[in-house]
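Opening the notebook on this chain. I'll jot down what I looked up, in the order I got to it.

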Amino acid sequence: MPIQKPIKHYLQFSDLTLDEYEYVIERAHLIKRKFKNYEIYHPLIDRTLVMVFEKNSTRTRLSFEAGMHQLGGAAIYLNTRDSQLGRGEPVEDAGQVMSRMCDIIMVRTFGQDIIERFAAHSRVPVINGLTNEHHPCQVFADIFTYYEHRGSITGKTVAWVGDANNMLYSWLQAAEVFGFHVNVSTPKGYDMDMSLVSTDRYTFFDNPSDACEGAHLVNTDVWTSMGYEEENAARLKAFDGWIVDSAKMARAAPDALFMHCLPAHRGEEVAAEVIDGPQSVVWDEAENRLHIQKALIEYLLLGRI
């Protein structure tokens, strides 16, 4: 009988080591070059990715679906409206059944406990496409983008201005893995959930402008994440002053980059002159979801090549 390889899931940023991240980044550079040169690269012929969506998506669906096709495999989209999950099928049962019919699964859902339970009953690798607590694929793409523009992120300072959300918690895990520092500024009442923080590589600032001082990368996200829409009016009031504008970028390092995972609301969390300005790399960042996820899928299914 063939030797059964241990299953490796990617449910939060801390699931890979620095050595693994450096390997996948190297593969992503190669895979991206092939894509740009129109070179066919099909290592995953006859492999199937199932994508389970409980939350709406643009970049996550497009990058995973297009990426799997470009690797020679197939991608199947399942919304909870289209599956028995929407009718109350236990997550554990869904993990058992789906993983018997495909090779890898991406889940975009609400609580992290849902994807943890799903993965515990899966026979194949499971990737976190987003949960309330973590967004590892996005931060992985962001770090890959920083590498492309500025080289290693080790020893650098990342400013996080805005909501303490899944992006921030993934950035904090990334800081521990890659060895950089995070300057955090969130409004009162929207503080970090310390149960999700497992590093001391951060400094908190009451003033968001101070958090940007000397930063090599300034990062923000929408003030109202999916699932919190009923808080929108209160959040708009509480986050007044946390917009990333040209004044805040002026306090960052002269060669600082600006990132946003998108979609963005110009005039709320970011000024138009910043997101559309010369320091912004948001479009490269969005595209790189495709390339880093292709390399990640390849690694989870085939190991080191």
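**After α5, then α5 itself**

I started at G151, which comes right after α5 and has a positive phi, near 90°. Ground rules before going on: this is a predicted model, where local features need pLDDT of at least 70 and side-chain atom pairs count only at pLDDT 80 or more, while totals for chains, interfaces and linings use all residues. Residues are numbered from 1 along each chain as its sequence is written, and side-chain values use heavy atoms, with hydrogens and water left out. For naming, helices (H or I, at least four residues) and strands (E, at least two) are DSSP runs, numbered from the N terminus.

Helix α5 covers residues 136-150, and its 15 residues reach 21 Å from first C-alpha to last, close to the 21 Å expected at 1.5 Å a residue. The expected span here is 1.5 Å times one less than the number of residues. I then checked burial, where buried means under 20% relative accessible area, exposed over 50%, and partly exposed in between (1.4 Å probe, protein chains only). Twelve of the 15 residues of α5 are buried, so the rest of the structure largely encloses this helix. The buried set runs P136, C137, Q138, V139, F140, A141, D142, I143, F144, T145, Y146 and Y147.

**α6, looked up the same way**

Helix α6 (residues 166-178) has 13 residues that should span 18 Å at 1.5 Å a residue, and its end C-alpha atoms are 18 Å apart, which agrees. Twelve of those 13 residues are buried, so α6 is also largely enclosed by the rest of the structure. Among the buried ones I noted N166, M167, S170 and W171. At the start of α6, a side-chain oxygen of N165 comes within 3.1 Å of the backbone nitrogen of M167. That pair is a polar contact (N or O atoms within 3.5 Å; within protein, one must be able to donate a hydrogen and the other to accept it, and residues adjacent in sequence count only if both atoms are side-chain atoms). Just after α6, G179 has a positive phi of about 80°.

**The four-stranded sheet**

Which strand order does the open sheet have? I read β2-β1-β3-β4, four strands with parallel pairing. Pairing requires that DSSP finds at least two bridges between two strands. β2 (74-79) and β4 (126-130) are the edge strands with a single partner each, so one side of each has no neighbour in the sheet. From one strand to the next, the twist averages 20°.

Strand β3 (residues 104-108) runs parallel to β4, and four bridges join them. R108 sits opposite L130 in β4. I went back to L130 for its phi, which is near 150°, positive although the residue is not glycine. L130 is buried at 7% relative accessibility.

Helix α4 (residues 112-120) lies across β3 and β4, at about 165° to β4. Such angles run from 0 to 180 degrees between N-to-C directions, with axes as lines fitted to C-alpha atoms, for helices over the stretch in contact. Contact means heavy atoms within 4.5 Å.

**T60 and H135**

T60 belongs to helix α2 (residues 59-70) and is buried, with a relative accessible area of 2%. Leaving out residues up to four places away in sequence, T60 touches F53, M106, R108, G129, H135 and R289. T60 and C137 are 77 residues apart along the chain, with their C-alpha atoms separated by 9.0 Å.

H135 is in the loop between β4 and α5, and counts as buried at 5% relative accessibility. With the same sequence neighbours left out, H135 touches T60, R108, G129, L130, N166, M167, S170 and R289. The C-alpha atoms of H135 and Q12 are 7.1 Å apart, with their positions 123 residues apart along the chain.

**Backbone oddments**

Y38 is in the loop between α1 (18-36) and β1 (48-53), with phi near 55°, again positive in a residue other than glycine. Y38 is exposed, at 78% relative accessible area. The L262 to P263 peptide bond is cis, with omega near 0°, and P263 is in the loop between β9 (257-260) and α10 (272-275).

**Whole chain**

I finished with totals: the chain has eleven helices and nine strands. Of its 305 residues, 54% count as buried.
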